[in-house]
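User: I am new to this structure. Please show it to me, and then I will ask how each label is justified.

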Amino acid sequence: MHDVPQNLLYSRDHEWVEIDGDIATVGISDHAQAELSDVVFVDLPEVGATVSSGDSVAVVESVKAASDVYTPLSGEILEVNEELSNDPALVNSDPYGAGWIYKIRLEMPGETDDLLSASDYESFCS
Amino acid sequence: MTDSEIKSTPLAPKHVELGAKMVPFAGWNMPVQYTGIIDEHKTVREHCGVFDISHMGQFIVSGTQAAAWLNQLLTNDINKLDIGQGQYSMMLNERGGVIDDLILYRFEETSYFVVVNASMIDEDYAWMEKHLVDSVSLENHSDKYAGLAIQGPECQDVFAKLFPNITLPPRNGIARLTVEGKDLWVCRTGYTGEDGFEFFCPAVDGIEWLTSFVQAGAKPCGLGARDSLRLEMCYPLNGSDLSPEKTPIEAGLGFFCALDTDFIGADVLREQKANGPKQRLVAIEYTDKGAPPRAHYKVHLPGGPEISELSSGVLSPCMMKGIAMAYLPADYAKVGTELEIDVRGKKFPAVVVKKPFYKKG
């Protein structure tokens, strides 16, 4: 089975979210990276951009397909994981750690209520 | 196309058992990958892989006039074939556009085995039937066979494990083997640029043969690797790089057109050959890292106007670089022409290069 850390929240589009005050770190879940396999390119968001939940903010590409990353939370992009430009496969090897994609300052913290807990996400995937 | 119309090959249950990710392709439910496209791709370049090609179509054309009839329908010259030999050929419309590309084998004096693209079985058959003459028999055997492509430098070892007393036919050759009273076809060809053979057996025996080839050392590979392997070699994919609106001369496949024979579309090709085609299918390579090129992405001159769109594109697993093909106006089709590929509004520099992308060694 795929790894689903308990301390994270999840979107129905298979992003994970780690909340730290009004800042969230976002990446794609183990399930999502396994579905994609072989990530060969990550199109990162622009630092400073203001985005709304549901916007496509990044693109994760395998040999075969390009998949949009939809931000589950609205706000300002604070930081992106530049390391993915050199080593996009980090999304596969360490999706919840070195494979993080961006950090966002939450504009509407209430949006986190729409996210799934680890156990709900596990049922969602099965 | 709804799910109920999607067909499965006789091998589908085995793909699922082997852990394949299944996707719809050309109306068929097919394995796109097992362990990963890069892994499967490299296995075929370095060792040996096995692909399900049961979705492809097989026709048998026979009769004393079969050769003459086929020469009116297909671009290559059938009279060059001895018994047991095969050739790549194309079937064109009256405008010289490609209906399908195919491989044809002469397996008896007056009988031919024709392997066509999965997506084109019905259309090809209808076109051939429309032009059929009394003295020629045309049979569609597509559902009777399971097909496997065993590809890679170790393919001869794999073959030898299953058929210790038989040698593979020579390149482009076909051989009929009879095992336990059943006919099997072995064709020394492929779509990867590696040594390999295609193997056709009765549909009911497909799973057993796939299992045997896997046990003999061939790694199951999906359509994802099949596509990246063929694109590294600049082999065209019908529906992407070939179409009824493009001729073989424009596609750079003039070598497979015997312009001294009179097939449908030949006059258009002769004119293009004499005057030069207005567009050419070229190989395009990124000059740096970038988002993988994909079909339909727009091609620009550097800082300039859009001149075309990609017909195919992928990140080459061997070169870890974007590679693609596109029809460009003849003026821009020269090797060395600088281009930009538009990926979601970002432009990535690229250049027209010599075919193929991948060269051994």
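Analyst: This is a predicted model. Start with spacing: the centres of domain 2 and domain 3 of chain B, taken over C-alpha atoms, are 33 Å apart.

User: What makes up each domain of chain B?

Analyst: Domain 1 joins two stretches, 3-56 and 143-232. Domain 2 covers 58-125, and domain 3 covers 278-353. These bounds come from an automatic or database domain assignment.

User: Why is chain B called as compact as a globular protein of its length?

Analyst: First, its make-up: chain B has eight helices and 20 strands. Its radius of gyration is 20 Å, and the globule rule gives 21 Å for 361 residues. The two values are close, so chain B counts as being as compact as a globular protein of that length. Its C-alpha atoms fill a box of roughly 65 × 45 × 45 Å along the principal axes.

User: How do you know which share of chain B is buried?

Analyst: A residue is buried when its relative accessible area is under 20%. Buried residues make up 59% of the 361 in chain B. Chain B exposes about 15,100 Å², with carbon and sulfur atoms supplying 51% of that area.

User: Why is Ser243(B) called buried?

Analyst: The relative accessible area of Ser243(B) is 19%. The cut-off is under 20%, so Ser243(B) is buried. Ser243(B) sits in the loop between α7 (223-232) and α8 (266-275) of chain B. Leaving aside residues up to four places away in sequence, Ser243(B) touches Gly97(B), Val98(B) and Asn238(B).

User: What makes His41(B) count as buried?

Analyst: His41(B) has 0% relative accessibility. That is under 20%, so His41(B) is buried. His41(B) belongs to helix α2 (residues 37-46) of chain B.

User: How do you know which residues His41(B) touches?

Analyst: Contact means heavy atoms within 4.5 Å. Not counting residues up to four places away in sequence, His41(B) touches a set including Ala225(B), Glu232(B), Pro317(B) and Cys318(B). By contrast, His41(B) and Lys130(B) are 40 Å apart in space, C-alpha to C-alpha, and 89 residues apart in sequence.

User: Which residues of helix α6 in chain B are buried?

Analyst: Helix α6 spans residues 206-215. Gly206(B), Trp209(B), Leu210(B), Thr211(B), Ser212(B) and Phe213(B) are buried there. Just after α6(B), Gly217(B) takes a positive phi of about 115°.

User: How many positive and negative side chains does chain B have?

Analyst: Chain B has 35 positive and 47 negative side chains. The centres of the two sets lie 7 Å apart.

Note on methods
Residues are numbered from 1 along each chain as its sequence is written. Chains are lettered from A and ligands numbered from 1 in the order in which they are written. This is a predicted model: local features need pLDDT of at least 70, side-chain atom pairs count only at pLDDT 80 or more; totals for chains, interfaces and linings use all residues. Side-chain values use heavy atoms; hydrogens and water are left out. Helices (H or I, at least four residues) and strands (E, at least two) are DSSP runs, numbered from the N terminus. The radius of gyration is taken over C-alpha atoms; the globule rule is 2.2 Å times the number of residues to the power 0.38. Buried means under 20% relative accessible area, exposed over 50%, partly exposed in between (1.4 Å probe, protein chains only). Accessible areas come from the Shrake-Rupley method with a 1.4 Å probe; for residues, only the protein chains shown count as cover. Lys and Arg count as positive and Asp and Glu as negative; His and the chain ends are not counted. The place of a charge is taken as NZ of Lys, CZ of Arg, CG of Asp or CD of Glu.
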